[in-house]
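Got the model open in your viewer? Keep a hand on the selection tool, and we'll walk through it stop by stop.

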Amino acid sequence: MANCNCFFCLPSPSEGNSWKSTALCLLGGAALASASIVFVSRIWEKFRQKNTVYPEDTVVLHQFQRAKHVPSLSPFCLKLETFLRMHNIPYMTILDSPLSSKGKMPWIQFNQSRVEDATFSIMFLSDTFHIEVNGMSGSVTSQQKAMSRAVVSLVEESLYWTVAYCRWVDHVDQTRAELPYDGMLKFVVPWMMAGIILREMYAHGIGKNSRDELYRIMEEDLKALSDLLGEQSFILGERPCEADCSLFGVLAQIMWTLPGTRAEALVKGEYINLANYCIRMRELFWPDWSRVVTEKH
Amino acid sequence: MSESPGHVQGSLAALYESLQTSVLQLFTDPTQLSPGQAVLVAASALFVGAVVWTCCGGQRWTKVKLRAEFTPGMVYLHTLPAVKAIPCLTPFGIKLETYLRMADIPYEPMYGRSIGPKGKVPWIEYNGEAMGDSGLIMEFLNREKGVDLNRSLSDADKAVGRAFTKMVEENTYWGMAWNRWIDNFDNLHDLFEVSKTVMFFLRPFKGRLQQTMWAHGIGRHSKVDLEGIIEKDLRAISTFLGTKPYLMGDEPTEVDAAVFGQLSELLWTLPGSYLHRIVTVDCPNLQAYCSRIKDRYWPDWDQLTKNAKKTKEDMSLYSEIFSM
C-alpha cells in the first residue's frame, strides 16, 4: 500500500468481516460516484444559466462546435441556423452548450422562453416573428404545404439515418478527420457515436436492414428528392421554405463531410441537381461560409 | 510542479497511480481496501462500463424456421392473426396484404408462431427463402412478378408517394404505438381478446416501447407535443388527399397500401382516442378513403374478423413482436 497521506490511502476502518465491508464500500462508492456526477452536472448547469445574461430580443442558439467543412456536423443544428438566416432573425450562437433536457441539440432561448428541438423552435419562431413558414400564403397551395411535411419526414426520418450510418459506422476514418477534437476525444467520440447511432437506428427500425439495403434506401431517397426538385430552385418552387432548411441540413453533410463515399458520388453525380441546390442554398444563406467553418483556405 | 498546467497533469497522474494501487489492492487483498480506494475503483468501473455500453449498439438477428415443402412462385405471407376489430394488428401486415391484393399476387396467409429474419412481422417465404420488411418485400415482388402499381405516375409523383409513405410509417406510426401500448394499455385485453392476466405479463413491453421511442427520438416529446405532431401528419394526409379517391389520383398506387395500413389501425382499433377523432370527425375524407379501400380490396373483412379466435400460441407471438 502507498505511504502518502492522501484520502485514497487511508487504512480501512474495520478488520473483521472484511468481504462484506469491501462489497459495501464498492457499492457505496458506485452510488456516491453516480450521485455526485448527476448532482454536479445539474448544479453546474443551473449556476451557469443564472450567471449568464443574454441580450434582449435576440435568439440564443445553443449548438455543437463549428466543424472543418460545414458550420455544423448536426443536420438539425444546420437546419435551424439556416432558418434563422433565411428569415433574418437576429441571433447569437453558443458553441459549448450542454444538451437539452431531451438530450438533443439544438435548442434555443429567446428572452424568457426556452424551446428544444429544431422543429419546435421553428414553430415558436414562426409564431413570435409572424413568419409564414412555407412561403407567403397564396404562392404555395395547401396541398404543397402538406406535401412539404411529407418531404421533411423523408429527409429527417429516412435519409438522415442512412447518412448517419455512412458517417459514423461505414466511413469512420474520414469522419474522424472532420471532427474538431484532438487527442483521445478523436477516437472515443466516433466509437461512442457509432454505438449510439446503431442503437437508435435499431430502435427506429431502419437499423434492422443490412448495409446494402441501407444504401439502397439512401439512393432511393436521393432519387425521390432529385425528382421532386427537378429544375426548380427550391423544393416547393421558386421560394425557399422550411423543407429546404431540412433538406440542406442533411445534403450539406453529404456534399462536404463525406468525401469518397457512395453518398457523395450520388449527390455529385447522378443527382447533380441536388449538388447545385446545395451550392445555391450556401450562396444565398451562408455568404460567410468560409469564415464560419474552421478549415480556412 | 507548482505551475498551473503542470499542476493539473500532476493531479491526474497521482489519481491514476492511486487507481492502479486500488485495483491491485482489490485483486490481491480486498479485505484491506480503504473507503477512498473503493470509491475510486467503483467510479472508474462505472465510467468504463458507461463508455463500453455506449460503444456497443444493440443488434439482434433472428433465426427463421422455413417450410420443408413449398410451391415455387407462391408467396407464403407470415402475419399476425385476425381479431374482431381488424384482420391484422400490425399496420405493416395490412399494408403488405393490401398490396398483394391490389397487385393480384396469389398468396397463402400463414398465421403462425414465427418472426421474420429481421425480427419483424410481416415477413414472407418465397421459393425457400425468407424475406423481411414490408417495403423491401414489395420491391422484390415488383421485380419478381413484373408488377408496378406506380406505373401511371411521373417521377415527381412517385417521389411524393415515397415521401408520404415515409411520413406515415416513420412518424405517424409512433402515434398509434404510443396510444395503443402506453395510453391505452389497460384496455388492450379487449383489443387483443385475452384475459387481463395475460396483459399483466405483457406489461414489460410497455416500458420497452418507451425506451425504443426514446432512442428513436420521438419519445422525448411531451404527450401534448407528440399528439400535436401526429395530428399535423394526419391533417397533411387529409389535405393532400382532398376530394381525390386515392392519394395520387383516380387509381390506387403503392402509397395507398402504406397509408391504408396505418389509418385502418387508427380507425378500427383505437375507438375513443384523439386519433380516431381526427380520422373521423376532423378529417372525414380519411374515413371515406379507408372505407373505399376496405370495400374494394377486403370484401372478406367481416368474414376474417368474425372468425377470429385466440390461442395461447398467438400470445407468445405478440410478445415476440413487441420485444423490438
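Select residues 219-281 of chain A: the chain here is 70% helix and 0% strand, and the end C-alpha atoms are 22 Å apart. Helices (H or I, at least four residues) and strands (E, at least two) are DSSP runs, numbered from the N terminus. The stretch 219-281 of chain A carries the UniProt annotation "domain: Metaxin glutathione S-transferase", from an unreviewed entry. UniProt positions are given in the numbering used here, feature names are shortened, and annotations may be inferred rather than shown by experiment.

A word on what you're looking at: this is a predicted model, where local features need pLDDT of at least 70, side-chain atom pairs count only at pLDDT 80 or more, and totals for chains, interfaces and linings use all residues. Residues are numbered from 1 along each chain as its sequence is written, chains are lettered from A and ligands numbered from 1 in the order in which they are written, and side-chain values use heavy atoms, with hydrogens and water left out.

Now jump to residues 231-293 of chain B, which the UniProt record (unreviewed entry) gives the annotation "domain: Metaxin glutathione S-transferase". This stretch of chain B is 73% helix and 0% strand, with its end C-alpha atoms 22 Å apart.

**Zoom out to the chains**

Colour chain A by secondary structure and you'll find 11 helices and 4 strands. Of its 297 residues, 52% count as buried (buried means under 20% relative accessible area, exposed over 50%, partly exposed in between, with a 1.4 Å probe and protein chains only). Chain A exposes about 14,100 Å², and carbon and sulfur atoms supply 59% of that; such areas come from the Shrake-Rupley method with a 1.4 Å probe, and for residues only the protein chains shown count as cover.

Switch to chain B for 14 helices and 4 strands. Of the 324 residues in chain B, 52% are buried. Chain B exposes about 14,900 Å², 56% of it supplied by carbon and sulfur atoms.

**Stop: helix α3 of chain A**

Select residues 118-128 of chain A, which make up helix α3. Which of its residues are buried? They are A118(A), F120(A), S121(A), I122(A), L125(A) and S126(A). An α-helix has 3.6 residues a turn, so residues three or four places apart point the same way.

What do those buried residues pack against? In chain A, the partners are β1 (59-62), α2 (75-86), β3 (107-110), β4 (113-116) and α8 (242-257), and chain B adds α9 (223-241).

Next, look at the N-terminal end of α3(A), where D117(A) acts as a cap: a side-chain oxygen lies 2.9 Å from the backbone nitrogen of T119(A). After the helix comes H130(A), with a positive phi near 55°.

**Stop: rings**

Show the aromatic side chains. Rings of Phe, Tyr and Trp (its six-membered ring) pair if their centres lie within 6.5 Å; planes under 30 degrees apart count as stacked, over 60 as edge-to-face and the rest as tilted. That rule gives 20 aromatic pairs over all chains. One of them joins F248(A) and W256(A), edge-to-face at 6.5 Å centre to centre and 70° between the planes. F248(A) is buried, at a relative accessible area of 0%, and W256(A) also counts as buried, at 17%. Add W286(A) and W289(A) to your selection, and with F248(A) and W256(A) you have one aromatic cluster.

Keep W289(A) in view: the charged end of R282(A) sits over its ring, 5.6 Å from the centre. "Over" has a rule: NZ of Lys or CZ of Arg must be within 6 Å of the ring centre and within 35 degrees of the ring normal. In chain B, the charged end of R101(B) sits over the ring of W298(B), 3.9 Å from its centre.

**Last stop: D133(B)**

Pick D133(B), in the loop between β4 (129-132) and α4 (134-145) of chain B. Is D133(B) buried or exposed? It is buried, with a relative accessible area of 17%. Not counting residues up to four places away in sequence, D133(B) touches N209(A), K118(B), K120(B) and P122(B), where contact means heavy atoms within 4.5 Å.

The side chain of D133(B) makes a polar contact with that of K120(B) at 3.1 Å, and also reaches the backbone nitrogen of G135(B) at 3.1 Å. A polar contact is a pair of N or O atoms within 3.5 Å; within protein, one must be able to donate a hydrogen and the other to accept it, and residues adjacent in sequence count only if both atoms are side-chain atoms.
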